[in-house]
Amino acid sequence: MKIIVQKFGGTSVSSKENRDKVAEKIIEKYNEGYKVVVVVSAIGRKGDPYSTDTLLEMVNQKLMPPKEIDLLLSCGEIISSVILANHLLERGYKVSVLTGYQAGIKTDNNFGNAEIINVDNTNILKNLDNDKITIVAGFQGANKNGEITTLGRGGSDISAIAIGKSINCNHVEIFTDVDGVMTADPNIVANAKVLSNMSYSEVYQLAEDGAKVIHPRAIEMAQQANIPLIIKNTYNNSKGTSIKETDVNFINNRKQLSNEKIITSITYKKNRVQVIISLDDNKYNMDNLMEEITLNNISLDLITFLVDKKIFTIDINDKEKLINILEKENLKYDIVENCCKISAIGYKMRGVPGVMARIVKALSKENIEILQTSDSHNTIWCLIKEEDTNKALKALHDEFKLYE
Ligand code: ADP
Ligand code: MG
């Protein structure tokens, strides 16, 4: 039995014309003999009726408990699922719509940002056996008490992979409003190019470091379950980006394709705050600070610990909490706000000398100050001022000829 999961994002279901395109994509696979499970997001973006943001604005978020907010938000995906089903029914196809709960998506109790624990595939498989195209409302599940939970922004991507894994699908297609994963955010870098093949780890890094195109948790799950993934455009027939493990052939092909492509993509994360703690003597026990930071659930990034200086970055939302801790611990510190973390990603950079030098040179040429750097086997990070973001992305995109 050939099974495919197709996920459609918010813009894909936002208008009748767009939903017609979605219906075509579904029917195409159904006619190829696939059992099709469709996962949909809520309609449209902020301002559109029934979009997640529109629903949120209709209640007092300070008063409304998270459980009720999730109940409200879950309606967005249910509405788009039923409306999409209508398009398929009108074309004569058998359809069944399931909420996340009905689809067997079991989560923890973390309302607003729940984690999927497992998927009971009984209902989905029953529908597929009856030859029904099965539409599942994305972004939602239920805890063990049957209370509806949501999975956080971009959560429908996670729904799609979790379902795909539970029914042993052949692959998952993620449909969106661009042609696939691109070398950079196309809204900033005009000549960004679609990447036809990527490894899970590259896309994971790209998503984790800010590229919105897919949820990092979805990629992580796909990698663990070894589910091949294609990210493509709802509105045309371009081939999209195929994401799978970097097997030897794949690596060899890539090497033949372009010896120059050490960096494959770049991305950025704004709202970062750099923290520099100065220690005059060595008597302060860093364990105390680290413990407080952990207790307060503050996540640190770009960590550089020197004898007399401890440097790291945090998200702007954690700034007040951190300052309270630093004051309590009587530490001397500097805070640099409005920073942006730029990531240059490519699994082939491992062991290649001079990549950092090229990055530094390209940024210096544009008079962009580098506040901090760090690197791993497949990524180089630079912290810069937020105002330099666009200039930096363009400079690096050009330096590594990602437009070619
Ligand atoms: P959906 O609603 O389909 O889930 P998203 O808005 O979550 O769509 O993700 C798609 C958007 O991600 C694109 O429209 C694009 O603006 C943005 N994006 C940012 N970085 C990238 C990138 N490197 N490649 C592709 N898209 C990107
Ligand atoms: Mg998305």
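Which residues does I188 touch, not counting residues up to four places away in sequence? In this predicted model, they are Y268, N390, L393 and K394, and the views below begin with I188 before turning to other parts of the structure.

**View 1. I188 and its surroundings in the loop between strand 9 and strand 10.** The loop that holds I188 runs between strand 9, residues 171-176, and strand 10, residues 197-199. I188 counts as buried because its relative accessibility is 13%, and the residues it touches include Y268 and L393, when residues up to four places away in sequence are not counted. For a sense of distance across the model, the C-alpha atoms of I188 and E327 are separated by 39 Å, with these positions 139 residues apart along the chain.

**View 2. The shell around ligand 1.** Ligand 1 is surrounded by 18 residues, of which R45, T176, D177, M182 and N187 are the closest. By type, the residues of this shell divide into eight nonpolar, five polar and five charged. A polar side-chain atom of T176 lies 2.7 Å from an oxygen atom of ligand 1, and an N or O atom in the side chain of N187 is 2.9 Å from an oxygen atom of the ligand. G10 takes part through its backbone, where an N or O atom lies 3.2 Å from an oxygen atom of ligand 1. Taken alone, ligand 1 exposes 570 Å², and the protein buries 89% of that area.

**View 3. The largest nonpolar core and a second, separate one.** The largest nonpolar core has 41 residues, and the members that touch the most other members are V5, I124, I163, I167, V172 and I214. Helix 5, residues 155-166, gives the most to this core, with five residues. I214 is in contact with D157, I174, V203, A207, I219, L229 and I231, leaving aside its neighbours within four places in sequence. A second core, separate from this one, has 26 residues and includes V189, I262, L396 and L402.

**View 4. D209, a buried residue in a loop.** D209 lies in the loop between helix 6, residues 200-208, and helix 7, residues 216-225. D209 counts as buried because its relative accessibility is 2%. Not counting residues up to four places away in sequence, D209 touches T267, Y268, K269, K341, S343, T379 and W381.

**View 5. N127 within helix 4.** Helix 4 spans residues 122-129 and contains N127, which counts as buried because its relative accessibility is 9%. Leaving aside neighbours within four places in sequence, N127 is in contact with S96, L98, K132 and T134. N127 and E386 are 49 Å apart in space, C-alpha to C-alpha, and 259 residues apart in sequence.

**View 6. Two residues with positive phi, Y50 and N330.** Most residues other than glycine have a negative phi. Y50, however, has a phi near 70 degrees, and Y50 is found in the loop between strand 2, residues 35-40, and helix 2, residues 52-57. With 42% relative accessibility, Y50 counts as partly exposed. The phi of N330 is near 60 degrees, again a positive value in a residue other than glycine, and N330 has its place in the loop between helix 10, residues 319-328, and strand 16, residues 332-345. N330 counts as exposed because its relative accessible area is 71%.

How values were computed
Residues numbered from 1 in each chain as written. Chains lettered and ligands numbered in written order. Predicted model: local features only at pLDDT ≥ 70, side-chain atom pairs only at ≥ 80, totals over all residues. Heavy atoms only, no water. Near = heavy atom within 4 Å. Polar contact = N/O pair within 3.5 Å; in protein donor to acceptor, adjacent residues only side chain to side chain. Areas by Shrake-Rupley, 256 points an atom, 1.4 Å probe, with all protein chains shown as cover. Nonpolar A, V, L, I, M, F, W, Y, C, P; charged D, E, K, R; others polar. Core = buried A, V, L, I, M, F, W, Y, C linked by side-chain atoms within 4.5 Å. Buried < 20%, exposed > 50% of the residue type's maximum accessible area, 1.4 Å probe, protein only. Helix = DSSP H or I, 4+ residues; strand = E, 2+ residues; numbered from the N terminus. Contact = heavy atoms within 4.5 Å.
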